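Reader: I should like to go through this chain by question and answer. Please let each answer set out its reasoning before it gives the result.

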Amino acid sequence: MAAFFKHILPCNSSKFSLQDIISKATSVEKPIIVLLDGITDPHNLGAIIRSAEIFNVSGIVLPKHESVTLNATVAKVSAGAINYVPVCIVNNLNSAIQTLKENGYWVVDGTWQDGETFELKCDCKVMAKGLPDCDNVFA
């Protein structure tokens, strides 16, 4: 079974660019693109990909360095979702964020503060387009 996943993964890992994911997202009413930083456990990445497929995420963006690679463990834990959720690997996550902002995406950052508190931050530079202010986004 592991040989099967190893055969599929190189196609998936090199096939999608950030622009491909943005293009796919235009066909969705409320597109979501997930950017992950610091994910080093393949089981966690597989579970995230599996959840992303359930929530109709348009794509996942991973940094090339200091992140788990797409491998057989990720594919197995994703339970096949890796075949439905495009995964893009970028050299620079900050450049990917800037590209998404230029394409009208909001950037929401979720961070664990003290191991117990989860803080969400919203980049409000898109408010010029007449969208609601960030204080009301998560109400």
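Reader: In which loop does Ser 78 lie?

Author: The model discussed here is predicted. Read along the sequence, its elements follow the pattern α-α-β-α-β-α-β-α-β-β. Within this chain, Ser 78 lies in the loop between α4 and β3.

Reader: Does Ser 78 count as buried or exposed?

Author: The class rests on relative accessible area, with buried meaning under 20% and exposed over 50%. Ser 78 has a relative accessibility of 1%, and therefore it counts as buried.

Reader: With which residues is Ser 78 in contact, leaving aside its neighbours within four places in sequence?

Author: The buried residues of α3 include Gly 46 and Ile 49. Both of these appear among the contacts of Ser 78. Leaving aside neighbours within four places in sequence, the contacts of Ser 78 are Gly 46, Ile 49 and Arg 50.

Reader: Is Ala 79 buried or exposed?

Author: Ala 79 is placed in the loop between α4 and β3. Its phi is near 55 degrees, a positive value in a residue other than glycine. Most residues other than glycine have a negative phi. With a relative accessible area of 63%, Ala 79 is exposed.

Reader: How far apart are the end C-alpha atoms of helix α3?

Author: Helix α3 covers residues 42-54, which makes 13 residues. At 1.5 Å a residue the helix should span 18 Å. The distance between its end C-alpha atoms agrees with this, at 19 Å.

Reader: What arc do the buried residues of α3 cover around the axis?

Author: The buried residues of α3 are Pro 42, Leu 45, Gly 46, Ile 49 and Ala 52. They lie on the same side of α3, because the arc they cover around the axis is only 120 degrees.

Reader: Against which elements do the buried residues of α3 pack?

Author: Leu 45, one of the buried residues of α3, is in contact with Leu 62. Taken together, the buried residues of this helix pack against β2 (59-63), α4 (72-77) and β3 (87-90).

Reader: Which residue has its backbone nitrogen within 2.9 Å of a side-chain oxygen of Asp 41?

Author: This approach is found at the start of α3. The side-chain oxygen belongs to Asp 41, and the backbone nitrogen it reaches is that of His 43.

Reader: What is the phi of Asn 56?

Author: Asn 56 comes just after α3, in the loop between α3 and β2. The residue is not glycine, yet its phi is positive. The value is near 60 degrees.

Reader: Which element gives the largest share of the largest nonpolar core?

Author: This core has 16 residues, and those that touch the most other members are Leu 45, Ile 49, Ile 60, Leu 62, Leu 70 and Val 74. Two or more residues come from each of α3, β2 and α4. The largest share, three residues, comes from α3.

Reader: How many residues make up the second, separate core?

Author: Its members include Ala 25, Cys 88, Leu 93 and Ala 96. Cys 88 is also among the contacts of Leu 62, a residue of the largest core. The second core is nevertheless separate, and its residues number twelve.

Reader: What percentage of the residues of the chain count as buried?

Author: The chain has five helices and five strands. Its accessible surface comes to about 8,700 Å², of which 53% belongs to carbon and sulfur atoms. Of its 139 residues, the buried part is 32%.

Conventions: Residues are numbered from 1 along each chain as its sequence is written. This is a predicted model: local features need pLDDT of at least 70, side-chain atom pairs count only at pLDDT 80 or more; totals for chains, interfaces and linings use all residues. Side-chain values use heavy atoms; hydrogens and water are left out. Helices (H or I, at least four residues) and strands (E, at least two) are DSSP runs, numbered from the N terminus. The expected span of a helix is 1.5 Å times one less than its number of residues. Buried means under 20% relative accessible area, exposed over 50%, partly exposed in between (1.4 Å probe, protein chains only). The arc is that of the directions from the helix axis to the C-beta atoms. Contact means heavy atoms within 4.5 Å. A polar contact is a pair of N or O atoms within 3.5 Å; within protein, one must be able to donate a hydrogen and the other to accept it, and residues adjacent in sequence count only if both atoms are side-chain atoms. A nonpolar core is a set of buried Ala, Val, Leu, Ile, Met, Phe, Trp, Tyr and Cys residues joined through side-chain atoms within 4.5 Å. Accessible areas come from the Shrake-Rupley method with a 1.4 Å probe; for residues, only the protein chains shown count as cover.
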